[in-house]
Amino acid sequence: MSRVALVTGGSRGIGAAISQALKNKGYTVAANYAGNDEAAAKFTSETGIKTYKWNVGDYEASKAGIAKVEADLGPVEIIVANAGITRDAPFHKMTPEQWHQVIDTNLTGVFNTVHPVWPGMRDRKFGRVVVISSINGQKGQFAQVNYAATKAGDLGIVKSLAQEGARAGITANAVCPGYIATEMVMAVPEKVRESIIAGIPAGRLGEPEEIARCVAFLVSDDAGFINGSTISANGAQFFV
Ligand code: CAA
């Protein structure tokens, strides 16, 4: 029986590439999504990967969604907490609503995704947790006080989970993508995006598959001693 992997935000952008890469490696993949039914249906018809709709910011919905995945496919042994949103604004213009939307999805969403599967991972003495953080959690970013706070928070989450899970055969790691060619980055005003690309020594945006390959390695049996770490994949834009 192949291991079951759940990827949140797994039907679009980086998440879709992760879902596909894990399927290619032989895992049974479930892709969660929040709202875009059309994209999810297209993704399933193109890849054969089942999609499950719930809002990761809602604990009860996450619990119920994960229970459905487990009833359909079996216990979730691999979690990729990828779902994330931006609500960019300079701090003096950022509203409490923009703050809370991003915290709920990007940070509380990680808690809501991992917490329901954690006891099963402990019982079975195996688990893989990968959280998709961001270069902007490492360096901060103009107009992203909310987003950077969540992505820095992800690093605290995996370092803590790593210590708690290590003896139970569970690893928790983060990947920090730089600027990747997804809808999220394409939504940045063109002029700003051009200046961002100019600041990437690689001279280009990353591809979603370049992040997916990091995840595929971290969830593999080969990566069992890598725990609490962060892989940066940013084309040399920033070093920790
Ligand atoms: N550094 C310094 N100054 C900046 C800046 C930056 N990165 N970006 C914008 N500014 C400046 C502008 O030049 C402008 O200055 P002036 O007032 O002197 O002209 C000012 O800040 C912007 O003021 P506005 O009132 O025009 O701002 P706005 O309310 O219209 O907001 C914005 C514009 C939302 C900040 C927009 O510029 C933007 O989206 N910037 C990109 C932010 C960004 O990089 N987000 C990352 C998204 S990708 C992602 O998050 C994925 C990942 O993990 C990497």
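Student: Between which two helices does the loop that holds A143 lie?
Tutor: The model is predicted, so local features need pLDDT of at least 70 and side-chain atom pairs count only at pLDDT 80 or more, while totals for chains, interfaces and linings use all residues. Residues are numbered from 1 along each chain as its sequence is written, and side-chain values use heavy atoms, with hydrogens and water left out. Helices (H or I, at least four residues) and strands (E, at least two) are DSSP runs, numbered from the N terminus; in these terms, the loop with A143 lies between α6 (135-139) and α7 (145-165).

Student: A143 has a positive phi although it is not a glycine; is A143 buried or exposed?
Tutor: The phi of A143 is about 75°. Relative accessible area, taken with a 1.4 Å probe and protein chains only, sets the classes: under 20% is buried, over 50% is exposed, and what lies in between is partly exposed. Because A143 has 18% relative accessibility, A143 counts as buried.

Student: K125 also has a positive phi although it is not a glycine, so to which class does its relative accessibility assign K125?
Tutor: K125 sits in the loop between α5 (118-124) and β5, and its phi is about 60°. With a relative accessibility of 54%, K125 counts as exposed.

Student: Why does the radius of gyration of the protein chain agree with a compact globule?
Tutor: The radius is taken over C-alpha atoms, and the globule rule is 2.2 Å times the number of residues to the power 0.38. The C-alpha atoms fill a box of roughly 50 × 40 × 35 Å along the principal axes. For 240 residues the rule gives a radius near 18 Å, and the agreement follows because the protein chain has 17 Å.

Student: Within the protein chain, what percentage of contacts between residues at least 6 apart in sequence join residues at least 24 apart?
Tutor: A contact means heavy atoms within 4.5 Å. Buried residues make up 49% of the 240 residues of the protein chain. Among the contacts between residues at least 6 apart in sequence, the share that joins residues at least 24 apart is 69%.

Student: Which strand is joined to β4 by four bridges on the side of R128?
Tutor: Two strands pair if DSSP finds at least two bridges between them. Strand β1 (residues 4-7) runs parallel to β4 and is joined to β4 by four bridges, with A5 opposite I78. The bridge partner of I78 at R128 belongs to β5, and the strand (residues 127-132) that four bridges join in parallel to β4 is β5.

Student: Why is strand β4 (residues 76-81) described as largely enclosed, and by how many buried residues?
Tutor: Strand β2 (residues 28-33), which pairs with β1 in the parallel sense over four bridges, is largely enclosed because five of its six residues are buried. In β2, A31 is the bridge partner of V7. Strand β4 is likewise described as largely enclosed by the rest of the structure because, of its six residues, the buried ones number six.

Student: Which residues line the two faces of β6 (residues 170-177)?
Tutor: In a regular strand the side chains alternate between the two faces of the sheet. Strand β6 is mostly covered, with eight of its eight residues buried; six bridges join β6 in parallel to β5, and four join β6 in parallel to β7 (residues 230-233). Bridge partners include V175 for I132 and S232 in β7 for C176. Both faces are covered, one by I170, A172, A174 and C176 and the other by T171, N173, V175 and P177.

Student: A181 lies in the loop between β6 and α8 (183-186); with which residues is A181 in contact, leaving aside neighbours within four places in sequence?
Tutor: A181 is partly exposed, because its relative accessible area is 28%. The C-alpha atoms of A181 and L205 are separated by 5.6 Å, although the two residues are 24 apart along the chain. With those neighbours left aside, the contacts of A181 are M186, L205, G206 and P208.

Student: Which residues does P208 contact, leaving aside its neighbours within four places in sequence?
Tutor: P208 is found in helix α10 (residues 208-218) and counts as buried, because its relative accessibility is 10%. With the neighbours left aside, P208 is in contact with G13, I14, A17, I180, A181 and T182.
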